[in-house]
Amino acid sequence: MVPQEVLPLDEERVAAALGHRERYSDGAGRFLLQRPFGTVEVVVVGPPAAALVLRCRWPRRISVAHQAHVRDVVDAFNRTSPGPALSLTVTDRGEIVVLAQCAPWLPAGVTESQLAGILARAWVALPAALATMDHAFPDPFAAAS
């Protein structure tokens, strides 16, 4: 096996690792990608680049009246899952927004295979976390299967 060099994390390396998928970049280390489970924001945090944050939003919003139940589901998921982390915020309109986030800390840099592995894991872990929310709060308007 040929060893791979550990290189600093930067926007160019992340763009290359994301491949030719349709993506949008702001030129400052932030990308938006449309995935089957939703829009994923990929952010290189720095300088110097020290973390790679991948996050997406659960596509539904719930009334703040259900905050205790949502918080229980999020807390239970975070206690029992190795990741990603779920978090919630309350909007000014009284709606709860749930985010799923993977944020590996990478101050020493990463190899190409490590970077590819981080992205591959996120593409599996983020929708799995959002599925937890779907299971706990079924969409009342979803088509019956």
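Which residue takes a positive phi in the hairpin of S1 and S2? I started my notes there, bearing in mind that this is a predicted model.

**Entry 1: the S1–S2 hairpin.** I found that Gly27 is the residue with the positive phi, near 75°. Four residues lie between the two strands of this hairpin. I then looked up the pairing: S1 covers residues 23-25 and runs antiparallel to S2, with three bridges joining them. I picked out one pair to look at, and Ser25 has Phe31 in S2 as its bridge partner.

**Entry 2: along S2.** I went through residues 30-35 and saw the side chains alternate. Phe31, Leu33 and Arg35 point to one face and are buried. Arg30, Leu32 and Gln34 point to the other face and are not buried. So I have Phe31 down twice, as a buried residue of S2 and as the partner of Ser25.

**Entry 3: on to S3.** Next I followed the chain into S3, residues 38-45. A hairpin of two residues joins S2 to S3. The two strands run antiparallel, and I noted six bridges between them. Leu33, one of the buried residues in S2, stands opposite Val40 in S3.

**Entry 4: Arg79.** Is Arg79 buried or exposed? I located Arg79 in helix H2, residues 67-80. Its relative accessible area is 66%, and the cut-off for exposed is over 50%, so Arg79 counts as exposed. I also checked Arg79 against Asp92: they are 13 residues apart in sequence, and 28 Å apart in space from C-alpha to C-alpha.

Conventions. Residues numbered from 1 in each chain as written. Predicted model: local features only at pLDDT ≥ 70, side-chain atom pairs only at ≥ 80, totals over all residues. Heavy atoms only, no water. Buried < 20%, exposed > 50% of the residue type's maximum accessible area, 1.4 Å probe, protein only. Pairing = 2+ DSSP bridges.
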